[in-house]
Amino acid sequence: CIDVRQKMNKQLEWPREPLNRLLYLKMTKGEIVAYKDDSLMSFYNTEEFTKRGGKENITFIPTDPDDPTIGRDSVSYEPYNYEKIKKYYLLEDWIFDYKLSVFKPRIIAISPIFAPSYAGREAKEQPLCWIKMDEIRQLLSNTEMFNRYNDAARMSFDDFFQMRMFDSYIVYESNVHDLHVADFNEYENDPTGALLKSDEIKNDLFILEHDLWEY
């Protein structure tokens, strides 16, 4: 999970072209396919996605000039405020390169995270949708972002992700229960324990890679 509020990830909120605006507006125009889940099989059409996360407004419209109580309800949707998107999930494959004896992570998909609102209260955070990384590589490559290391050198969103210049933490590892780390019973009321488990998973990957070398 990438949190744009962390210092290393602030580039994703560059006012000239923040990532949340770039992706959201492209999806509302139908220029990016918004998949429903991380299986990347089914997807939202443009109308369905525009309603997702948005606010439903119901307006009563009188239809009888003699009786203002007779009429019909008109339903309109207020689009979701993309500026509220502060986190992203990354779906990755960790591939072992036998020639170099190293792990190479490959980003498969990215998901903006949002908290839907019900009766004025925000619910648990969840993926707004999933986007295949291969389908937006050209868009990311052609979109410039802020380079905190060198103002004179151009940098794209694709460079940022491919060179892994972001800071993140693990929220899910394949398991038989298909649960996120924070959803296990032992971490239900222990967010610190969930973060420690995330670091443990990272360390296990490091040790596995290290043990493959011979000295």
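This is a chat about cysteines and salt bridges in a predicted model.

Student: How many disulfides does a search of the whole structure find?
Tutor: The search finds 0 disulfides.

Student: Is Cys129 buried or exposed?
Tutor: Cys129 counts as buried, because its relative accessibility is 0% and the cut-off for buried is under 20%.

Student: And Cys1, buried or exposed?
Tutor: Cys1 counts as buried too, at 11% relative accessibility.

Student: Switching to charges. How many salt bridges does the structure hold?
Tutor: There are 11 salt bridges in the structure. One of them pairs Glu13 with Lys86, with the closest N and O atoms 2.6 Å apart.

Student: Where do Glu13 and Lys86 sit in the chain?
Tutor: Glu13 is in the loop between strand 1 (2–3) and helix 1 (19–28), and Lys86 is in the loop between strand 5 (71–78) and strand 6 (87–97). The two are 73 residues apart, so this salt bridge links distant parts of the chain.

Student: What about Asp158, which residue does its side chain meet in a salt bridge?
Tutor: Arg137, at 2.6 Å from N to O. Asp158 lies in helix 4 (residues 157–162) and Arg137 in helix 3 (residues 133–141), so the pair ties together parts that are 21 residues apart in sequence.

Student: Which of those two is buried, and which is partly exposed?
Tutor: Asp158 is buried, with a relative accessible area of 8%, and Arg137 is partly exposed at 31%.

Student: Which residues do salt bridges with shared partners join into one network?
Tutor: Lys10, Glu13 and Lys86. Of these, Lys86 is partly exposed, with a relative accessible area of 28%.

How values were computed: Residues are numbered from 1 along each chain as its sequence is written. This is a predicted model: local features need pLDDT of at least 70, side-chain atom pairs count only at pLDDT 80 or more; totals for chains, interfaces and linings use all residues. Side-chain values use heavy atoms; hydrogens and water are left out. A disulfide is a pair of cysteine sulfur atoms within 2.5 Å. Buried means under 20% relative accessible area, exposed over 50%, partly exposed in between (1.4 Å probe, protein chains only). A salt bridge is a side-chain nitrogen of Lys or Arg within 4 Å of a carboxyl oxygen of Asp or Glu. Helices (H or I, at least four residues) and strands (E, at least two) are DSSP runs, numbered from the N terminus.
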